[in-house]
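Here are a few exercises to work through with the model open. Try each task before you read its solution.

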Amino acid sequence: MSQIAEGGWITVIGITVVFAILTILAIVMYAIGAFERGMTGRRKEPERREEVEEAKPPETETKEIPPRDLAIITASILAYLAKKAEVVRPLPFRRKVSDAWRLYGLQSGMDEVENFNYEIRKW
């Protein structure tokens with residue numbers, strides 16, 4: 001029974017050490033991140049509403065495309081894509097090599113084993 005208790009204590013100590021080291025690593029990684037943010041000047045500065053002006057995007061006029069022109073553009077894009085798809089041609093279909101070659105290979109392998117057995121006189 002003492003061996004089981006000793007094994008349990010070793011397990012508890014091992015798990016405690018592992019999680020303690022992981023906690024230390026997490027704290028160190030957080031500190032390194034904070035240090036780098038401070039060095040690069042990416043700190044969050046308080047916003048001053050009086051000095052900060054909101055940048056508005058320039059006003060652009062939206063021009064609607066007539067349906068006829070839109071149909072012509074769409075048709076030309078589809079024609080281009082269809083022509084591009086023709087470039088990739090499927091490979092021609094080839095017949096499977098007959099099983100005669102596979103069977104010949106098996107038979108020759110069996111003949112070699114049989115001849116080997118006869119040569120060493122173990123049959």
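Accessible areas here come from the Shrake-Rupley method with a 1.4 Å probe, and for residues only the protein chains shown count as cover. This is a predicted model, where local features need pLDDT of at least 70, side-chain atom pairs count only at pLDDT 80 or more, and totals for chains, interfaces and linings use all residues. Numbering starts from 1 along each chain as its sequence is written, and side-chain values use heavy atoms, with hydrogens and water left out.

**Exercise 1.** Work out how much area the protein exposes, and what share carbon and sulfur atoms supply.

*Solution.* The protein exposes about 13400 Å². Of that, carbon and sulfur atoms supply 63%. Next, take burial (buried is under 20% relative accessible area, exposed over 50%, partly exposed in between): buried residues come to 0% of the 123 residues.

**Exercise 2.** Compare the span of α1 with the expected one.

*Solution.* Start with the elements: three helices and zero strands, with helices being DSSP runs of H or I, at least four residues, and strands runs of E, at least two. α1 has 39 residues. The expected span is 1.5 Å times one less than the number of residues, giving 57 Å, and α1 reaches 57 Å from its first C-alpha to its last. After α1 comes Gly41, with a positive phi near 80°.

**Exercise 3.** Place Phe19 and decide: buried or exposed?

*Solution.* Phe19 sits in helix α1 (residues 2-40). Its relative accessible area is 53%, so Phe19 is exposed.

Key: Buried means under 20% relative accessible area, exposed over 50%, partly exposed in between (1.4 Å probe, protein chains only).
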